[in-house]
Amino acid sequence: MPNFSGTWKMKHSENFEELLKVLGVNVMLRKIAVAAASKPAVEIKQDGESFYIKTSTTVRTTEINFKIGEEFEEQTVDGRPCKSLARWESENKMVCEQRLLKGEGPKTSWSREMTNDGELILTMTADDVVCTRIYIRD
């Protein structure tokens with residue numbers, strides 16, 4: 001099992017604004033979110049299959065605690081409450097399906113994968129739009 005623990009900084013991002021557009025975020029908020037999320041600080045603490053992930057930007061900080069295979073509550077990237085379930089897709093990759101608690105919206109999910117060269121790849125999906133963000137240890 002890979003060790004995701006550490007402080008991470010983003011090296012590369014693609015399709016973040018497109019993801020927000022599919023989620024229905026208006027153009028003004030998208031511009032603010034894209035600017036704020038251009039240098040997120042990510043802290044991950046891992047204890048076996050239990051995870052704490054804190055993502056901090058100048059506009060918003062999110063924190064989630066979860067255990068692989070156990071449902072938990074979090075928010076979609078645009079802030080809507082959801083139930084989520086993370087599972088291992090492969091030895092180095094966890095995937096998480098999200099289900100909105102109320103209302104309708106695009107199908108959302110995320111994954112985190114450790115590469116052989118120590119990078120962390122975060123993918124966020126809304127319907128068929130995929131945002132990929134690559135992080136390196138700080």
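This text walks through the strands of a predicted model and then through its largest pocket.

Start with the strands. Find β6, at residues 81–90, and β7, at residues 93–100. The two run antiparallel, and eight bridges join them. Where does the chain turn from β6 to β7? A hairpin makes the link, through two residues. For one rung of this pairing, look at Ser 84: its bridge partner in β7 is Gln 98.

Now move one strand along. β7 also pairs with β8, again in the antiparallel sense, and here the pairing covers six bridges. One place to see it is Lys 93, which stands opposite Glu 113 in β8. As you trace these strands, keep a simple rule in mind. In a regular strand, side chains alternate between the two faces of the sheet.

Next, turn to the empty space. Rolling a probe the size of a water molecule over the atoms shows where such space is left. How much space lies in the largest pocket? About 880 Å³. The pocket has 38 lining residues, and the closest to its centre are Arg 60, Thr 62, Thr 76, Val 77 and Asp 78.

Which elements build this lining? Helices α1 (16–22) and α2 (27–36) each supply at least two residues. So does each of the strands β3, β4, β5, β8, β9 and β10. β9, at residues 120–126, gives the most, with five residues. β8 links the two parts of this tour: it pairs with β7, and it also supplies residues to the pocket lining.

Finally, consider the character of the lining. Its residues divide into 22 nonpolar, nine polar and seven charged.

Definitions and conventions
Residues are numbered from 1 along each chain as its sequence is written. This is a predicted model: local features need pLDDT of at least 70, side-chain atom pairs count only at pLDDT 80 or more; totals for chains, interfaces and linings use all residues. Side-chain values use heavy atoms; hydrogens and water are left out. On a 1 Å grid over the protein atoms alone, a cavity is a set of points where a 1.4 Å probe fits but cannot get out, and a pocket is an open set with protein on both sides within 12 Å along at least five of seven lines; lining residues have an atom within 4 Å of a point. Grid points are joined across faces, edges and corners, and a volume is the space filled by probe spheres set on the points. Helices (H or I, at least four residues) and strands (E, at least two) are DSSP runs, numbered from the N terminus. Ala, Val, Leu, Ile, Met, Phe, Trp, Tyr, Cys and Pro count as nonpolar, Asp, Glu, Lys and Arg as charged, and the others, Gly among them, as polar. Two strands pair if DSSP finds at least two bridges between them.
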